[in-house]
Amino acid sequence: MSKPTVAFFDFASCEGCQLSAINLAPQQLLELLEVIDIVEFREALSEKAYHYDITLIEGSITRKSDIPRLQDIRNRSDLVVAFGACAHIGGINALKNFQRPEEYKKAVYPDTPDLFETDIARSIDAFIKVDAFIPGCPIDTDEFVRVVKNIVLGKNPDIPDYPVCVECKQRENVCVYELGLTCLGPVIRAGCGARCPSNGGYCYGCRGTIPEPNIYGQKDVMRQYHLTHDQMMDQFKLFLNHNKEVF
Amino acid sequence: MGRIINLDIRHITRIEGHGNIRLNVRDGKIEACHFDIVEAPRFFEAMIRGRHFDEAALITSRICGICSVGHQLASLAATEDAFGLSLSTQEKCLRRLLNAGEYFESHTLHIYFLAIPDFVGAKSVLPLVKTHRDVVVHALKLKKYGHDIGDIIGGRLVHPMASNVQAMTKTPTEKELFSIIGWMQEAKMELMLNVTTLANLSLPDFNRDTEYISLYKPGTYALLEGDIFSSDTGVASYKSYRELTQEYAIPNSTAKRCKHTRDSFMVGALARFNNNYQWLSDNAKSVAERLNLTPKCTNPYKNTLAQYVELIHLADDAIDAAQTLIAMAQPLKVEERIVSPVAGIGIGSIEVPRGILYHEYAYNEKGFIKTANCVIPTGQNGQNIENDMRALVPQIVDKTDEEITLMLEMLVRAYDPCISCSTHLLDVEIIR
Amino acid sequence: MGWLSQIIKRLVRTSPQKPVTPTGFGMVQTRKEDLFASLGTLLSRYRIAALTERKGKILFDYINDPREIILDYQPTVLSPKKFFFPQEEVFLEYTANGKINPKIDFQDTILFGIRPCDTNAIKILDEAFSESNGDPNYLTKREHTIVIAIDCHKLCDEQGFCYKTHSQNVTGGADILLFDMGTDFAIKIFTQKGKDFIDEYLNTKALDPNLFKAYQERRHDAFKDLKPFPHLEYLPEIFENQKDHPFWASEAKRCLSCGSCIFVCPTCYCFDVADEFALNLHEGERIRRWDACMLHSFAKVAGGENFRQETENRVRHRINKKFNYLMSKHGQSGCVGCGRCVRACLVKISPKVIAETLIADNNVIEGSAPDVQPLENHHIKERDIRLYVPEKATLTRIIKMTDKETLYEVELASGRPLGHEPGQFVQVSLLGIGEAPISISSEPSNEPRFELCVRAVGDVTHKMSELNVGDTLYIRGPFGHGFDADILERMKNKHLVFISGGLGYAPMRSLVNLVLQTPEHYKKISILNGCKTPEDRLFKDELANISKMGGNVELLETVDCADEQWTCGVGVITTLLPDLDMVSDETIAIIVGPPIMYKFVLRSLKERHIPPENIYMSLERRMKCGVGKCGHCQIEGIYVCQKGPVFHYPDIEDKEEAI
Ligand code: SF4
Ligand code: SF4
Ligand code: SF4
Ligand code: FES
């Protein structure tokens, strides 16, 4: 089996996913390099290649001028993986989609609002075909390794389609609702090991929703825990911009 | 000479985010010399308007993956400043540890993965896996320590979830604190053993004095709190940060630059080293000596060495913080958070690996953000990088295009610029 | 049909047998300090798990010092089942070159201080993990654990409802039961294991009857107003009758399908299986993890069909499993009322409320004794250490059948014949990839070779399509109930009507080819086969031969979309039935096809007056373990991998989930 060539690219993002991808123990990273051949990774390498077997794209698309580059990458890749929340579901960038462009441009660049080109933030699958995704803000390192392994082995990426509560319960956490916080865990895709509820936080939905989320039930729960409509919507807005049914 | 140099280096590699270098030299005269950021702007300051104070750090963390902890700590500091909250010793120690985690990850990445390959003539760290395996393993280990500290203290290093206004919502166990001490001791030992790797690098001999700005708190190597110190003008209150980061327009350009007394200044490891050298730990000072690094150092390429020295200091500081925590009653309790919002303005200033970072929020009385302003280190350094380039080019103009390109790239990399932080692009020239 | 009109059904039952408490070991007494001192010294020999506090939460966990034990019970998030059946467990270890070893991670353990509800739950788990096949991992851990329970002398909190199903009484599931009498524990010994333990490690004295009486009175007072469900023993019937009750739909609307209720449940035992290679792609593990029937894709097969697509079906299955399917078998409710699921459920869906609602809306008329096998003194079955270990086999022939399907001939490395019945299946493993159930396409034979006809739809089947002759794969099985000797006997001298659609001919072929060896034993053999297009037909050459056989053998084919060469029928499979010459009680029909086909075929057969007794069918379900453990394949409590895939229609006729 010859090693598949792998490339990393990024658009509007914090590059935290690329960083998380190399958050491996030395032995693990060296083993990973035995399995794949990283040929392009601007953040860490200067090498370039023309064709890639597996391309991981981080970041959302927030301006038209990025689309040709995105398409060009797609054309040179066998398999495109949306890498992290920004690429997968628009990520935190899509929070601005709830404001009018004139508003947010003026807020940041009061004198020169039109200095920079910008458009609503979208996931990459709005523009190109995406073969797999690794969710999360940032991605989970173990999941990244597993997905890469699975793709190399010719398996499905195997991203969980059950909610965060599953992993939260398996860790025997006390539900954060009982601690006075609200959590989107019941409708959000697991795979992070319920990281936030397990570490003093609550799930704000960075991995996007499960395939058939019961949004009605989720809102019902949040109402029962005394959230106003606005508070509820603020929580959903953080990462679920693309879930039109929520708003 | 009659030579025309026309360099257009797109998407410089091995830096955070997208930046370009453009250089035109005709007959030995610089016609254009630019360092441009081409990252898509992301409008964080607009996005957090109207959000609750508890979410400010969570959102601004996403400005940058590599200094997410820094953004969080600056954000928390701004909110705490606005509401008049002070921190317990426990909380301060936890933040020091989390911060150390980030420095370990960030500095290690920069030193070994981004900077060093240039000196050994490699395109990246990958070939080094074969040629310098020990060094690569050593670097990966250091980086991993950073991540592991982040996991323990913050829940994860990239976008931690435990850091909250006033107090962390997670506490480490005694056992975990002991392992942090163990890792830091090991890291320190390894770093001291490996000093020669760094000492042997042949750094370009290029010096240009500039204004160095950093956080300042007498008695400490200030990273998480303090006022602002300028090597030109001395101490200034952190509240006056806007004066130290004045924006101005360049003629014939729509871009904005940042200046204080001169037309540019430098922030980052070298600035901190120059300004706060006396408060480095003894171990750090002795390593600085072995690296031949003394303040005031005006060679920007040596920023990488200053980072190395800082790692030693941070290891010492983390050990101290962990020991302080261990000395408290175990197991550490999650501290109660009683936050009552106050309308007003708060400013947080933090030293992140790349330099001083400011967050400023205006809150309404319910604790929702009205306006926000974030000033990132790379934005502040932009003009200084360009000035360095202008000073450097005449010295190297006889070299080949490839050599010039490499030297310029190395210069940009030495600043460890983090362009993905493009909340607010201070220094941009549009590429049309 | 209105749900109210159908709930009045005559039920014949009397009150249930009162649980028999095993006696013979008697009771003793010990001082608490003595017991804790013993536990302290035992820490060097045993791992001790007990109720304790970790990071501010109360849970059962391994302790380092008996002083960590909390005696005052507070309900935990997870039940003690995690010690026998952990959240995640490696059960096979292997190398890419085929060294496969079962793995059981166990140690001598004392499980201290579990409560009555959880002891009753252990009885149910013991049964689940030992019936039909002994699960090696669970049973080994169970055998190496001494369970010391503590009686509850009051209800734990307002969510607990053990008393609704008599589960506050310990009747087994523990080796020793303690009664907290202040400075002393009264001790009731349930098993020989418990007796040996006490004799060896504990200072005891004779029971002080007055103290114990005082304890019992206190306990009695606390529970006397807490009454069981009315008509407790009729819950199975009540639930059976009310599958259309509107409450199911209204509860389902609120349900988040988060699965929390299942994970915290002490009697839920379903699991998922995954293969994982280490990064070196050389060493691998097969892992099982808790799974939950409340999760959306629990019953979804690789081909895409989801047998419990709607939340309502999942809620109904979950609750019926407890109060109907398990209870009708054992007389003990599968819900022990620990209240964990209610505490865990954010929308507070409660088995108690559901049961009360359904009971209130039912009319019960009591009759004679129930026919149940009580779980008392359930004998833990021999565990089968090789239950999950596949054996090596080689691909000896590969024939591409259509675009998607391929026929593989497989030979077991041991040279043994597979020894299967027609209709059975095997589990095919590819190391590092996974395991998939595949029905056997070849007829029974004495040769070590058999055939599998596979459509590439999942990881394993896709990967199979990349294999070459001579490559290795791994096999477990044959499994399941096929067309056994009795059924074959019944078929003699009958008119056999085989009705298959799509991939359905693959498993059907095993039986068809068997009967075609001796067509003279049957009155007539009609083979009806339907496909999407002529191209999609499997075994084209064999079918051509069958069509030429003549005599009492006929082949009728139809496709949904014909091409120019096609000479047979066009239309769905049922178009072939009306013209078929059948004598109703002389005919036996066998159906195998895609899920939607059954309903229509059964309707047509009914129109042709074929009685249900003369119909057999093979049903597809999601299967993971193949041996009646993982729970994925259930149709209303029936394990398809055990009782099926071949079913006699009358056995499942009234099961809504079946067809
Ligand atoms: S904390 Fe969140 S993820 Fe965990 S059980 Fe509660 S709702 Fe679910
Ligand atoms: S718990 Fe939620 S917000 Fe946190 S990492 Fe997981 S999906 Fe993202
Ligand atoms: S815990 Fe409640 S919401 Fe979640 S699956 Fe169970 S019944 Fe539904
Ligand atoms: S119980 Fe596992 S497949 Fe039937």
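Which side chain meets that of C:Arg397 in a salt bridge? I looked this up in the model, which is a predicted one. The partner is C:Glu451, with 3.3 Å from N to O. I noted that C:Arg397 lies in strand β13 and C:Glu451 in strand β17 (residues 449-455) of chain C, so the pair ties together parts that are 54 residues apart in sequence. C:Arg397 is partly exposed at 37% relative accessible area, whereas C:Glu451 is buried at 10%. I then followed the charges outward: both residues belong to a network of salt bridges that also links C:Glu409, C:Glu411, C:Arg449, C:Arg509 and C:Glu542.

Further salt bridges. I recorded a count of 87 over all chains. In chain B, I found B:Lys296 paired with B:Asp209 at 3.1 Å, N to O. This pair links distant parts of the chain, 87 residues apart: B:Lys296 is in the loop between α11 (282-290) and α12 (303-326), and B:Asp209 in the loop between α8 (195-199) and β4 (211-216). In chain A, I found A:Lys129 bridged to A:Asp131, with the closest N and O atoms 2.7 Å apart. A:Lys129 is exposed at 55% relative accessibility; A:Asp131 is partly exposed at 31%.

Surface charge. I noted a negative patch formed by C:Asp403, C:Glu535, C:Asp563 and C:Glu564. C:Asp403 sits in the loop between β13 (391-400) and β14 (405-412) of chain C and is exposed, at 73% relative accessible area.

Ligand 1. I located ligand 1 between chains A and C. The residues around it include A:Cys165, A:Cys168, A:Tyr177 and C:Leu346. Helix α7 (residues 164-170) of chain A gives the most to this shell, with four residues.

Terms used. Residues numbered from 1 in each chain as written. Chains lettered and ligands numbered in written order. Predicted model: local features only at pLDDT ≥ 70, side-chain atom pairs only at ≥ 80, totals over all residues. Heavy atoms only, no water. Patch = residues over 30% accessible without salt bridge, like charges linked within 9 Å, V, L, I, M, F, W, Y side chains within 5 Å. Areas by Shrake-Rupley, 256 points an atom, 1.4 Å probe, with all protein chains shown as cover. Salt bridge = Lys/Arg side-chain N within 4 Å of Asp/Glu carboxyl O. Lys, Arg positive; Asp, Glu negative; His and termini not counted. Charge placed at Lys NZ, Arg CZ, Asp CG, Glu CD. Helix = DSSP H or I, 4+ residues; strand = E, 2+ residues; numbered from the N terminus. Buried < 20%, exposed > 50% of the residue type's maximum accessible area, 1.4 Å probe, protein only. Near = heavy atom within 4 Å.
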